[in-house]
Amino acid sequence: MHFISQELEDYIEQHSQKEPELLAALDKETYQKVLLPRMLSGHFQGRVLSILSKLIRPLTILEIGTYTGYSALCLCEGLQKNGMLHTIDIKEELVDFQRKYFDKSPWGKQIVQHLGEAVAIIPTLDLKFDLVFIDADKENYIRYFEMILPRMNKGGIILSDNVLWSGKVLEPLQPNDLSTKTLLEYNQLLKNDPRVESVLLPIRDGLTVSRVI
């Protein structure tokens, strides 16, 4: 489902902060060399992630789902000088690609890559988080949320990506569609859970901002 016209999307990008050159290069190389480049956050959503991080000024960030590293670099733009970003992904073939761009950025030494299943790695992180970005396998969104919530600082922000799932949240649910089923349950959880206050933004494929109470 295309939520708004391509012309309007172009206008939005043209009237938002310019995409940094390093991220433009990362975007281009992702489309040239990596499968499923649509998974990239891209210019507009990247600027949204950047400005949210700058408003939050996090000391510790957790990202679940690195892909090629675009969103991690956007989130780092608001990171405190002594802050750290921990990012988790299961794709070993992307580790060097990510690191190349991380090391070209000002935050190379502040980014820790974790390779493996997030449900196994998160319990090993003895950290409290100010900002978390969930952008991995949709079937585990509820599990990720329950794992990270006790590790959030009060007032911390959880960002959940792809919560509109190309409009499938409005379509009749197919019996074997576990991703959409989980997202429907997850969206309801974020709306009703008294531990957070949430707003679902119609940005790209849907981005929910949840503040830990």
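**Helix packing and a few loop residues**

Q: Does α2 pass α5 in a right-handed or a left-handed crossing?
A: The crossing of α2 past α5 is right-handed. Bear in mind that this is a predicted model.

Q: At what angle do helix α2 and helix α5 pack?
A: About 165 degrees, and their axes are 11 Å apart. Helix α2 covers residues 21–33, and helix α5 covers residues 95–104. Angles over 145 degrees count as roughly antiparallel. The two helices, α2 and α5, are therefore roughly antiparallel to each other.

Q: Which residues in α2 and α5 meet?
A: From α2 there are L22, A25, L26, E29 and T30. They meet F97, K100, Y101 and K104 in α5.

Q: And how do the residues of that α2 and α5 contact divide into nonpolar, polar and charged?
A: Five are nonpolar, one is polar and three are charged.

Q: Changing topic. Which residues of helix α7 are buried?
A: In helix α7, residues 141–148, the buried ones are Y141, Y144, F145, M147 and I148.

Q: Where are they around the axis of α7?
A: The buried residues cover an arc of only 165 degrees around the axis, so they sit on the same side of α7.

Q: What do the buried residues of α7 pack against?
A: Strands and helices both appear among their partners. The strands are β1 (60–64), β4 (129–134), β5 (152–161) and β6 (196–201). The helices are α6 (118–121) and α8 (178–192).

Q: Take α7 and α8, then. At what angle do they pack?
A: The angle between α7 and α8 is about 35 degrees, and their axes are 9 Å apart.

Q: Which residues in α7 and α8 meet there?
A: On α7 they are Y141, I142, F145 and E146. On α8 they are T182, L183, E185, Y186, L189 and L190. By class, this contact of α7 with α8 has seven nonpolar residues, one polar and two charged.

Q: OK, loops now. What is the phi of Y67?
A: Y67 has a positive phi, about 55 degrees, although it is not a glycine. Y67 is found in the loop between β1 and α4, which is residues 70–76.

Q: Is Y67 buried or exposed?
A: Y67 is buried: its relative accessible area is 8%, and buried means under 20%.

Q: What about the phi of R204?
A: R204 also has a positive phi of about 55 degrees, and R204 is not a glycine either. Its place is the loop between β6 and β7 (207–212). R204 is partly exposed, with a relative accessible area of 31%.

Q: Which residues does S41 touch?
A: R204 is one of them. The others are G46, L49, Y70, S71 and F133, leaving out residues up to four places away in sequence. S41 lies in the loop between α2 and α3 (42–56). S41 is buried, with a relative accessible area of 6%.

Q: And where is I203?
A: I203 is in the loop between β6 and β7. I203 has a relative accessible area of 12% and is buried.

Q: What does I203 touch?
A: Not counting residues up to four places away in sequence, I203 touches F44, Q45 and V48.

Q: What separates the C-alpha atoms of I203 and F129?
A: A distance of 24 Å; along the chain, I203 and F129 are 74 residues apart.

Definitions and conventions. Residues are numbered from 1 along each chain as its sequence is written. This is a predicted model: local features need pLDDT of at least 70, side-chain atom pairs count only at pLDDT 80 or more; totals for chains, interfaces and linings use all residues. Side-chain values use heavy atoms; hydrogens and water are left out. Buried means under 20% relative accessible area, exposed over 50%, partly exposed in between (1.4 Å probe, protein chains only). Helices (H or I, at least four residues) and strands (E, at least two) are DSSP runs, numbered from the N terminus. The arc is that of the directions from the helix axis to the C-beta atoms. Contact means heavy atoms within 4.5 Å. Axes are lines fitted to C-alpha atoms, for helices over the stretch in contact, and angles run from 0 to 180 degrees between N-to-C directions. Angles under 35 degrees count as roughly parallel, over 145 as roughly antiparallel, 65 to 115 as roughly perpendicular and the rest as oblique. A crossing is left-handed if the near helix is turned anticlockwise from the far one by less than a right angle, and right-handed if clockwise. Ala, Val, Leu, Ile, Met, Phe, Trp, Tyr, Cys and Pro count as nonpolar, Asp, Glu, Lys and Arg as charged, and the others, Gly among them, as polar.
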